[in-house]
Amino acid sequence: MRVKIDAVSNSTSFPKEVDVVVIGGGIIGTATAYELAKQGVSVALLEKGVIGGEQSSRNWGWVRQQNRDLYELPMAMNSLQRWGELGEEIGLDLGFRRSGILYCTTKESDLEKWEAWGKKAQAQGFTSQMLSAQKASELSGSRGDWKGGVWSPTDGRAEPSKAAPALAIGAQRLGTNIQQQCAVRGLEISAGRVAGVWTERGLVKANKVICCGGAWSARFCQRHGIELPAANILGTAFKTTSAPEVIKGCLSMPNLAMRRRLDGSYTVAVPGLGRMDLAPQNLRYVTKFLPMYRSKVAKKLKFRINSSFFNGPEAAGHWAFDQISPFEKIRVLDPAADAQILRLALAEIERAFPALKGIAVDHAWGGWIDTTPDLVPVIDESEKIPGFIIASGFSGHGFGIGPGAARLITQQVMNEKTYTDMSAYRLNRFTDGSVIRQPQMM
């Protein structure tokens with residue numbers, strides 16, 4: 001693979017029956033398995049490839065509350081609390097450091113938007129600091145014709161190569177059965193509700209099944225007649241060679257996003273640039289995505305048709321549970337980086353930070369980001385198949401808000417009162433006649 005991830009060992013025996021099956025070993029799945037296991041729930045965590053192998057190890061590593069969609073902010077705030085606790089609970093370093101996140105801008109309109117957002121966020125208990133042009137320049141240490149910025153000192157960063165594996169190991173220590181290279185082909189249904197899952201190794205019985213399949217979730221749901229509007233967007237990021245420390249935490253500017261890593265390098269990306277491969281699934285939901293396509297979110301996307309139209313997470317097709325499924329044909333989505341984005345980012349780094357002249361790419365990667373029409377995730381139990389809970393469509397935000405999402409999912413499974421209103425995350429908001437919102441903050 002193009003990314004390096006801490007290894008997780010499989011459990012020694014294959015599970016026959018558990019309380020809950022979690023499909024997918026990314027940050028949402030591993031955090032959910034951990035939270036459930038803490039509650040004494042017997043869990044099987046089933047991953048078609050390796051723990052953290054797809055987007056959960058390919059994201060920027062930002063753990064932020066600042067500039068979240070206000071519907072996501074309670075989850076982000078809860079997540080920051082959990083990020084601060086998990087390392088000590090598990091006894092492993094997830095790479096979390098509360099080192100702050102800084103946004104700088106050359107546009108007055110950004111400042112107005114951030115200030116208006118900040119007033120609403122403050123009503124929910126989150127406070128950040130608006131910065132003058134001088135302060136933004138000082139805090140960023142970068143060259144730029146800045147109009148100002150916004151600084152959130154309580155936000156942080158973590159290491160994607162470590163986080164999901166550490167959570168999986170923590171869950172395993174509490175009794176979770178982990179099986180990698182074990183695709184779930186479909187649901188076992190009895191009397192109209194979930195009774196388990198069919199895997200490539202056989203049946204695992206369970207009363208609840210949680211789908212945390214990321215880019216693959218919509219295709220899995222479609223196999224059971226459940227409509228999950230999603231489109232996968234390909235992003236590019238890279239790790240630099242070791243370089244001087246010009247920022248301690250995370251920095252976003254119009255053409256560059258950077259995070260300082262524990263090893264003295266940076267994770268770098270260009271905000272907004274990406275690619276969408278046209279395929280049956282995203283074409284199926286094109287009308288639901290029109291608000292997003294018309295927003296500034298999609299203006300930097302490239303569109304193309306390639307072999308993924310016929311084979312991949314957004315392809316069409318049906319399969320039987322005793323036959324090889326699409327999830328076994330592609331164990332790990334491991335796309336190449338976009339070379340143009342690498343060139344743009346390196347040039348911007350040297351322009352903004354003279355001290356980083358000569359910095360280079362250590363290694364680069366692509367990652368498929370499962371995206372909903374309003375960029376807000378779905379966390380909901382299926383009306384069609386009771387006992388089947390969907391936790392997907394995190395739209396590139398899942399790493400940071402994963403622990404908070406896991407607590408919500410756990411509260412749902414345990415029939416407890418959730419710490420925030422769940423209506424914004426319901427699946428039927430895309431089918432009940434509600435107006436699909438244009439994406440808000442990213």
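**Sheets, rings and salt bridges in a predicted model**

Three strands form an open sheet in the order 9-10-11, and their pairing is antiparallel. Strand 9 (184-190) and strand 11 stand at the edges with a single partner strand each, so one side of each has no neighbour in the sheet. From one strand to the next, the twist averages 30°. The model described here is predicted. Within this sheet, 6 bridges hold strand 9 and strand 10 (residues 193-199) together in the antiparallel sense. One position to look at is Glu 188, which stands opposite Gly 196 in strand 10.

Strand 11 (202-205) is followed by a loop that leads to strand 12, and Asn 207 is found in that loop. Asn 207 counts as exposed because its relative accessible area is 53%, and the cut-off for exposed is over 50%. Leaving aside neighbours within four places in sequence, Asn 207 is in contact with Val 18, Asp 19, Arg 193, Val 194 and Gly 387. Asn 207 and Phe 327 are 120 residues apart in sequence, and their C-alpha atoms are 23 Å apart in space.

Strand 12 belongs to another sheet. This open sheet has 6 strands in the order 8-2-1-12-21-20, and the pairing is mixed. Its edge strands are strand 8 (177-179) and strand 20 (378-381), each of which pairs on one side only. Here the twist averages 15° from one strand to the next. Helix 11 (residues 398-413) packs on the sheet and touches strand 1, strand 12, strand 20 and strand 21 (388-392). The direction of helix 11 makes about 10° with that of strand 20. Inside the sheet, strand 1 (residues 20-23) and strand 12 (residues 208-211) run parallel and are joined by 4 bridges. Ile 23 has Cys 211 of strand 12 as its bridge partner.

Two residues that are not glycine have a positive phi. For Leu 375, phi is near 65°, and the residue sits in the loop between strand 19 (361-371) and strand 20. Leu 375 counts as buried because its relative accessibility is 4%, against a cut-off of under 20%. Asn 415 has a phi of about 55° and lies in the segment after helix 11. With a relative accessible area of 69%, Asn 415 is exposed.

Next come the aromatic residues. The structure holds 11 aromatic pairs. A pair of aromatic rings is described by the distance of the centres and the angle of the planes. Ring pairs link Trp 216, Phe 220, Trp 319, Phe 327 and Phe 388 into a cluster. Trp 319 also has a charged partner: the charged end of Arg 223 sits over its ring, 5.9 Å from the centre. A second arrangement of this kind involves Arg 260, which lies over the face of Tyr 266 at 4.7 Å from the ring centre.

Charged side chains also meet one another. Over the whole structure, a search finds 27 salt bridges. One of them joins the side chains of Arg 82 and Glu 35, with an N to O distance of 2.9 Å. This pair links distant parts of the chain, 47 residues apart: Arg 82 is in helix 2 (residues 73-90) and Glu 35 is in helix 1 (residues 27-38). Arg 82 and Glu 35 are both buried. Glu 54 and Lys 48 form another salt bridge, in which the closest N and O atoms are 3.0 Å apart. Both of these residues, Glu 54 and Lys 48, are buried too.

A salt bridge within a single helix is formed by Asp 110 and Lys 113, whose closest N and O atoms are 3.9 Å apart. Both residues lie in helix 3 (residues 108-123), 3 residues from each other, about one turn of the helix. Asp 110 is buried, as its relative accessible area is 16%. Lys 113, at 32% relative accessibility, is partly exposed. Elsewhere, salt bridges that share partners join Glu 35, Lys 38, Arg 82, Glu 85 and Glu 89 into one network.

Technical notes: Residues numbered from 1 in each chain as written. Predicted model: local features only at pLDDT ≥ 70, side-chain atom pairs only at ≥ 80, totals over all residues. Heavy atoms only, no water. Pairing = 2+ DSSP bridges. Helix = DSSP H or I, 4+ residues; strand = E, 2+ residues; numbered from the N terminus. Axes fitted to C-alpha atoms, helices over the stretch in contact; angles between N-to-C directions. Contact = heavy atoms within 4.5 Å. Phe/Tyr/Trp six-rings, centres within 6.5 Å; stacked < 30°, edge-to-face > 60°. Lys NZ or Arg CZ within 6 Å of the ring centre and 35° of its normal. Buried < 20%, exposed > 50% of the residue type's maximum accessible area, 1.4 Å probe, protein only. Salt bridge = Lys/Arg side-chain N within 4 Å of Asp/Glu carboxyl O.
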